[in-house]
Amino acid sequence: MEIITIKDIAKALNLSTSTVSRALRGSYEINVETKRLVMEYAERMNYRPNPIALSLKENRSRSIGVIVPEIANNFFSQAINGMESIAYNRGYHVVISQNHESYERELVSTQYLAQRRVDGLLVSLSGESNDLEHFKELQSKGLPIVFFDRVPQNYITHKVTADNFAGAYQATEHLIQQGYCRIAHLTSPSWLSITYERLEGYKKALQDYEIPIEESYIKYCSHGGMIAEEVENAVLELIRHPVRPDAIFAAGDRLTTSCMSLVRQEGLRIPDDVAIVGFTNLVTAHLLNPSLSAVLQPAFEMGQLATEFLIDLIERPKTTIRFETKRLETNLVIRGSSMRPANK
C-alpha cells in the first residue's frame, strides 16, 4: 500500500508543506477551515506521521515507555490497548516492560527505557515499590512521567486511576443487601494506592450498615496474586476461620480467580456457602460457573487519558502545567457468584 506523505497532501490541496505540517500539529497559526481541510484529507487518505523522520527533526525517539506489573492481566492489556490507540495517532510507538511485582525489575526496566531515550514513561507501580527515587531522578532531568492505576501519594505529576473507593463500596454494599454479613476482603500489598482506597470503601460500607469490621477477615497478598502459595494461604485462612466468612470481596484479577478455585477445592459452593465479588476486568467473567460478579474499571479509557497527559507533557515542556489526578467511574456488574440463593 502506497504511503502518503505531507508533500502529497500539500500538492493535493495546493498548500505549502509547512502549512500542512502546522495544520496536522494543530498550530494556532493556521485558520480553522484550512485545518479542517487538511485533517479530513489526511484521514481519508489514511495518513500517518513517519516516526523516524519526526524523531530526526525533533530530536526525539517518538516512543513512550510503559511499565506495568504484567501484560497477562486483563486490566493492563486493556489499558495498553488504550495507550496504543492514542500514541499511534499522535505518531508515537509504545515500548512495554513488565515489573512482575518486583521493585528490582521495575528499577531495571526504568533504567533500560531511559537509556533507550524514550520521550516519557507511563507507570503502574509494582507491589514492592515504596521507594520512588529512580522516577524522581529521571523526572528532575526532564523526563515526563505519568502514573496510572497504582499511583504514588505525594508525587507531583499527572495521575489516572479508577474510583477504587466507590467501586469497593458498591461491591460490599451489594453483598450486604444480599444478606451477607461476614464479608472478608482479599487484597494486595498494603502500601499500594489501590489497596488503601478499596479497603477504605469496603470498611465504609460495613460501617454505614453497622456491621463490625473484623480485622482477621482482611488478608493482604504482597505479590498481588502472582505467587500461588501466598494466595492459597490467605484464602485457606479465611475459609478455615472459626467463624467462616459468608462472602469474600477480592480486589484483583488473580486474587479473584484463585479465590474461586480454592473455595471449590475445599468443597464449598459459590454462592451457597461463600459468595464472591471481584475487582476485575476478566473478559470471561460471564462464562465462569457461576458467572462472576465484578467491579469493572474503565481500563481502555484510563490508558487513553494517561497517554494524552503524557504526550502533552512531552510536546509542551515549557508550558506551566497544573497537574491533575483523574478518577474514572467504575461499574459493578452483578452475576451469579454473589446472588443469595432463594432458599436462604
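The legends below describe close-up views of one predicted model.

**Figure 1. The whole protein has 12 helices and 12 strands.** The protein contains 344 residues, and 52% of them count as buried. Measured in no experiment but computed from the predicted model, the C-alpha trace spans about 80 × 40 × 35 Å along its principal axes. Among contacts in the protein with a separation of 6 or more, 73% are between residues 24 or more positions apart.

**Figure 2. Helices H5 and H12 cross at roughly 45 degrees.** Two packed helices are described by the angle between their axes and the distance between the axes. Helix H5 covers residues 74-89 and helix H12 covers residues 299-315. Their axes come within 7 Å. An angle from 65 to 115 degrees would count as roughly perpendicular and one under 35 degrees as roughly parallel; H5 and H12 are therefore oblique to each other. The crossing of H5 and H12 is right-handed. On the H5 side, the contact is made by Phe75, Gln78, Ala79, Asn81, Gly82, Met83, Ser85, Ile86 and Ala87. On the H12 side, it is made by Ala299, Phe300, Met302, Gly303, Gln304, Thr307, Glu308 and Ile311. Sorted by type, the residues of this contact are nine nonpolar, seven polar and one charged.

**Figure 3. Helix H2 has four residues to look for, Thr19, Val20, Ser21 and Ala23, which are its buried residues.** Helix H2 runs over residues 17-24. Gly26 follows H2 and has a positive phi, near 75 degrees. Thr34 belongs to helix H3, which covers residues 32-44. Is Thr34 buried or exposed? Thr34 has a relative accessibility of 16% and so counts as buried, the cut-off for buried being under 20%. Leaving aside residues up to four places away in sequence, Thr34 touches Leu15 and Thr19. Thr19 is also one of the buried residues of H2.

**Figure 4. Tyr180 sits in the loop between helix H8 and strand E6.** Helix H8 spans 164-177 and strand E6 spans 183-187. Tyr180 is buried, because its relative accessible area is 2%. Which residues does Tyr180 touch, not counting residues up to four places away in sequence? They are Leu175, Asp246, Ala247, Pro271, Ala275, Ser338, Met339, Arg340 and Pro341. Leu122 is 58 residues from Tyr180 along the chain, and the C-alpha atoms of the two are separated by 39 Å.

**Figure 5. Cis peptide bonds precede Pro271 and Pro290.** One cis peptide bond joins Ile270 and Pro271, with omega about 5 degrees. Pro271 lies in the loop between helix H11 (253-265) and strand E9 (275-279). Pro271 is also among the residues touched by Tyr180. Another cis peptide bond joins Asn289 and Pro290, with omega about 0 degrees. Pro290 is in the loop between E9 and strand E10 (293-296).

**Figure 6. Asn154 has a positive phi, and so does Glu210.** Asn154 is not a glycine, yet its phi is about 55 degrees. Asn154 is found in the loop between strand E4 (145-148) and strand E5 (159-162). With a relative accessible area of 78%, Asn154 is exposed. Glu210 is not a glycine either, and its phi is also positive, at about 55 degrees. The loop that holds Glu210 lies between helix H9 (193-208) and strand E7 (218-220). Glu210 is exposed, with a relative accessible area of 73%.

**Figure 7. The structure contains zero disulfides.** A disulfide is a covalent bond between the sulfur atoms of two cysteines. To count here, the two sulfur atoms must be within 2.5 Å. Why does Cys181 form no such bond? The closest cysteine sulfur to that of Cys181 is in Cys259, and it is 18 Å away, which is too far for a bond. Cys181 is partly exposed, with a relative accessible area of 43%. For Cys259, the closest cysteine sulfur is in Cys221, at 9.6 Å, again too far for a bond. Cys259 counts as buried, because its relative accessibility is 0%.

Note on methods
Residues are numbered from 1 along each chain as its sequence is written. This is a predicted model: local features need pLDDT of at least 70, side-chain atom pairs count only at pLDDT 80 or more; totals for chains, interfaces and linings use all residues. Side-chain values use heavy atoms; hydrogens and water are left out. Buried means under 20% relative accessible area, exposed over 50%, partly exposed in between (1.4 Å probe, protein chains only). Axes are lines fitted to C-alpha atoms, for helices over the stretch in contact, and angles run from 0 to 180 degrees between N-to-C directions. Helices (H or I, at least four residues) and strands (E, at least two) are DSSP runs, numbered from the N terminus. Angles under 35 degrees count as roughly parallel, over 145 as roughly antiparallel, 65 to 115 as roughly perpendicular and the rest as oblique. A crossing is left-handed if the near helix is turned anticlockwise from the far one by less than a right angle, and right-handed if clockwise. Contact means heavy atoms within 4.5 Å. Ala, Val, Leu, Ile, Met, Phe, Trp, Tyr, Cys and Pro count as nonpolar, Asp, Glu, Lys and Arg as charged, and the others, Gly among them, as polar.
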